[in-house]
Structure formats: structure tokens, C-alpha cells
Amino acid sequence: LAAGAEVLHVDVMDGVFVPNEAMGPDIVCALREMTDGPLDVHLMVADPISQTKQFIQAGADSITFHVEAADDPAELITMLRRAGLGVGITLKPGTPVESLAEFIPLVDQVLVMTVEPGKGGQSFMPNMLDRIATLAAQLRDDQVLAVDGGITPTTAPLAAKAGATMFIAGSAVFSAGGDIAANIDALRAAATEGRA
Ligand code: ZN
């Protein structure tokens, strides 16, 4: 965040919903001690309702969960609201976009996975651009449309043009070489250009 990002996005993987296992509440707790800035936890776990409490306790400001994974997404949204958290909903690239419809009015953020969730360093799926545009048309002005996966200075403008308003990047920030702050600046400039 000191390097210019607006939100710290933490990918939590359980090795069940996605093949890899990474990040737990302990990491969120450690990050919470390092920053006052917004921490968004992206739960790629098989049973988000049972996992949520520990991430709330760890200090998450918002939780983004997979519609495929929650038995009762509306219940989870209510639970997060009661705890005062921001709410995001997301879906895998193969999940029909219609599965989000009834929940869209209830959330702060809709996140489009532009790679298969589960590991970093994959390439952006250009066939997700139609989905971004479809969702952009359904969101209110106060809702965020985020993209997650393969976001680089090349793909960010495409996503921005389709209607994305938040750009989540891992590799392009941390593994692109050079300075992290400069990498974030380059992404922001590219996204702004795409929107124009
Ligand atoms: Zn993520």
C-alpha cells in the first residue's frame, strides 16, 4: 500500500476448492498489523461460511467469496454485513454469469476471475471481456467491478474498456522486475488510458 496500491488483495486457497493451498488467517493478521489500509480477502475455499469468522477476526475489511462455493450466498452476505465488512462476490471463468444475478444488488464488489483461480502467473483470458461488459451494465455507480488474473499494462486497458474499475495484480507488480511502486503506476496509467 505504501507503494501506491489502493487495496491489498489477499488470495486464500484451501487446496480443495482450488488445487493449491496458500495464505491463512495468520497472514491476514500479520498484514493487519502492518497496515491500516483496506484488506480484501478473496476466499478460494470450499466452505466460505465456516471459514469467514476467522478472517473477520484476523482483521479483513472486506471478503470476496465464490458463488460456486457458498451453500447459501445470501446468508454469507448477511453475516458479513452484520460484522460490518464489505462484501464481494466472484465466480470461476467456467461458471455462468447468471449465477450472480440475484446477489449483485447485495454486494459492494463483483470480481471477474480472468484466469482459473488457484495459481499465480497465468495469462489473462480475453474471452472474459464480454462477461466484464455484461456485468458492468448491471452494476450501480457505487459498486466496484474488479478483475483478477493476468492483469498487466497490456491487459488492464482491455478490461477497463469493457468496464472494470478495479485491477488486481500479483505478478505484474511483484514479479515484473523493477520497482513495485513504478509497476503499480504503470498499471494505473494503462487502465486509465483504457477507460478514456
Ligand atoms: Zn484474488
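How much space lies in the second largest pocket? In this predicted model, about 200 Å³ of space lies there, and the legends below take up that pocket together with other close-up views.

**View A. The second largest pocket and its lining.** The second largest pocket is lined by 14 residues, and those nearest its centre are Val-7, Asp-40, Ser-62, Gln-109 and Met-166. Two or more residues of this lining come from each of the elements β4 (62-66) and β5 (86-91). By character, the lining residues divide into six nonpolar, five polar and three charged.

**View B. The largest pocket and its lining.** About 1,300 Å³ of space lies in the largest pocket. Its lining comprises 50 residues, of which His-9, Phe-167, Ile-168, Ala-169 and Gly-170 are the closest to the centre. Elements that contribute two or more residues to this lining are β1 (8-14), α1, β3 (39-44), β8 (166-168), α6 (171-174) and α7 (180-195), and α7 gives the most, with seven residues. The lining of the largest pocket divides into 29 nonpolar, 14 polar and seven charged residues.

**View C. Strand β3 and its surroundings.** Six of the six residues of β3 are buried, so this strand is largely enclosed by the rest of the structure. Both faces of β3 are covered, with Leu-39, Val-41 and Leu-43 buried on one side and Asp-40, His-42 and Met-44 buried on the other. In a regular strand the side chains alternate between the two faces of the sheet.

**View D. Strand pairing and the crossover at β3.** Strands β1 and β3 run parallel and are joined by six bridges, and Asp-11 has His-42 of β3 as its bridge partner. The pairing of β3 with β4 is also parallel and extends over four bridges, with Phe-65 of β4 as the bridge partner of Leu-43. Together, β3, helix α2 (residues 48-58) and β4 make a right-handed β-α-β unit.

**View E. Met-23 in its loop.** Met-23 is found in the loop between β2 (21-22) and α1 (25-34), where its phi is near 60 degrees, a positive value in a residue other than glycine. Most residues other than glycine have a negative phi. Because its relative accessibility is 41%, Met-23 counts as partly exposed, a class that lies between the cut-offs of 20% and 50%.

**View F. Arg-82 in helix α3.** Arg-82 lies in helix α3 (residues 73-82) and counts as exposed because its relative accessibility is 73%, where the cut-off for exposed is over 50%. The C-alpha atoms of Arg-82 and Ser-171 are separated by 34 Å, and the two residues are 89 residues apart along the chain.

Methods:
Residues are numbered from 1 along each chain as its sequence is written. This is a predicted model: local features need pLDDT of at least 70, side-chain atom pairs count only at pLDDT 80 or more; totals for chains, interfaces and linings use all residues. Side-chain values use heavy atoms; hydrogens and water are left out. Buried means under 20% relative accessible area, exposed over 50%, partly exposed in between (1.4 Å probe, protein chains only). On a 1 Å grid over the protein atoms alone, a cavity is a set of points where a 1.4 Å probe fits but cannot get out, and a pocket is an open set with protein on both sides within 12 Å along at least five of seven lines; lining residues have an atom within 4 Å of a point. Grid points are joined across faces, edges and corners, and a volume is the space filled by probe spheres set on the points. Ala, Val, Leu, Ile, Met, Phe, Trp, Tyr, Cys and Pro count as nonpolar, Asp, Glu, Lys and Arg as charged, and the others, Gly among them, as polar. Two strands pair if DSSP finds at least two bridges between them. A crossover is right-handed if, with the strands pointing away from the viewer, the path from the first strand over the helix to the second runs clockwise.
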